[in-house]
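Reader: I am new to reading structures, and I would like to understand how the words used for one are justified. Could we go through some of them together, step by step?

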Amino acid sequence: MNKHLKGILMVLIGSMLWGATGPMMEWILHEGAINASFMLTIRLLLAGIALLSFIKWRGQNVTAIWKNKYWATSLVLFSLIGMLGVQYTFVATINSSNAVFATLLQFLAPIFIILYVSFANKMLPPIYQVLGIIGTLVGLFLLLTNGQLNELLVSNSALIWGVALGFAFAFYTVYPVKIMNEWGVMQVVAWSMIVGGSVLGIISGLWQWEQWAVLMQPQILLMMLGVIFFGTIAFVLFLGSMTYITPVETSVLSSMEPLTATAVSIVWLGRTLELYQFVGVVVMLLFVTWLSIEGDRQSRKNALEK
């Protein structure tokens, strides 16, 4: 199998698995009476320990990264703002609304990246980026309101968590490139899960017995193991795909994530989208995809002019 095809398959499978875990977590939170912090702590710690054990078993040195102050600091920042930030805001958005909404709000990330780059360079974004932002926000408006100006279909808290999710996902996408190139995707993901899970566990009180009692119920436990297993594979595949394909291809193909979450939610949870909400989903995905493709085209054009 050539590397390009491998990268395409990795991001497709990873996006679909991550999309499927959203409805699974929604079910656990709404049916299992487990709070978001407890569920996320268990998920991060077990997944991180499993990944790190696998890396160690393969003979890699898993502690060297902590002996370099620069890389250790970078890892802690990514663990708290990137890994824990994305995971917590994602789960909190699900808890306040649903898996479909949470999955789609991740696609606000390109807007935050554009605004950051424009601010850092002290210049306005190019016209195609402005149009992309406007189009994405129009799609988001339709998703949130179903075209009714006086009606918001999600709570204010869900909207706040959703925007925070888009910001965290932007950081998660941009920040770890250097550290992952230096230490490898799996090791960075494993340690960031362990650090993020440990901090959240200390803050939220991992020792709460009533939460453990609910978790030990067979259905809840089985679903939780599924979330951990599929979610961990999804993270590794998604980040690993960037080694073989371009960020544009990754962005375009990751649209399978909200589509999978929507399909699973409709079939399994009986959730439906109104007509204008569905239109909003399509509009968001189209404009985010166009932003990536046009951005790549402009980059190539500027490189040729130089």
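Reader: How do you know that the span of helix 3 agrees with its 28 residues?

Author: This is a predicted model, and the reasoning sets an expected span against the one found in it. At 1.5 Å a residue, helix 3 should span 40 Å, and because its end C-alpha atoms are 38 Å apart, the two values agree. Helix 3 does have a kink of about 40°, which is centred on Gly-85, and at its start a side-chain oxygen of Asn-68 comes to within 3.0 Å of the backbone nitrogen of Tyr-70.

Reader: Why is Leu-80 called partly exposed?

Author: Partly exposed lies between the limits of under 20% for buried and over 50% for exposed. Leu-80, which is found in helix 3, has a relative accessible area of 35%, so it is partly exposed.

Reader: What makes up the nonpolar patch on the surface?

Author: The patch is formed by Trp-66, Val-76, Leu-77, Leu-80, Ile-81, Val-199 and Ile-203, which together have about 560 Å² of accessible area. Two or more of these residues come from each of helix 3 and helix 9, and helix 3 gives the most, with 4 residues.

Reader: Why does Asn-146 count as buried?

Author: Asn-146 sits in the loop between helix 6 and helix 7, and its relative accessibility is 16%. Buried means under 20%, so Asn-146 counts as buried. Asn-146 also has a positive phi of about 55°, although it is not a glycine.

Note on methods
Residues numbered from 1 in each chain as written. Predicted model: local features only at pLDDT ≥ 70, side-chain atom pairs only at ≥ 80, totals over all residues. Heavy atoms only, no water. Patch = residues over 30% accessible without salt bridge, like charges linked within 9 Å, V, L, I, M, F, W, Y side chains within 5 Å. Areas by Shrake-Rupley, 256 points an atom, 1.4 Å probe, with all protein chains shown as cover. Salt bridge = Lys/Arg side-chain N within 4 Å of Asp/Glu carboxyl O. Buried < 20%, exposed > 50% of the residue type's maximum accessible area, 1.4 Å probe, protein only. Expected span 1.5 Å × (residues − 1). Bend = angle between axes of the 7 residues up to and from the residue. Polar contact = N/O pair within 3.5 Å; in protein donor to acceptor, adjacent residues only side chain to side chain.
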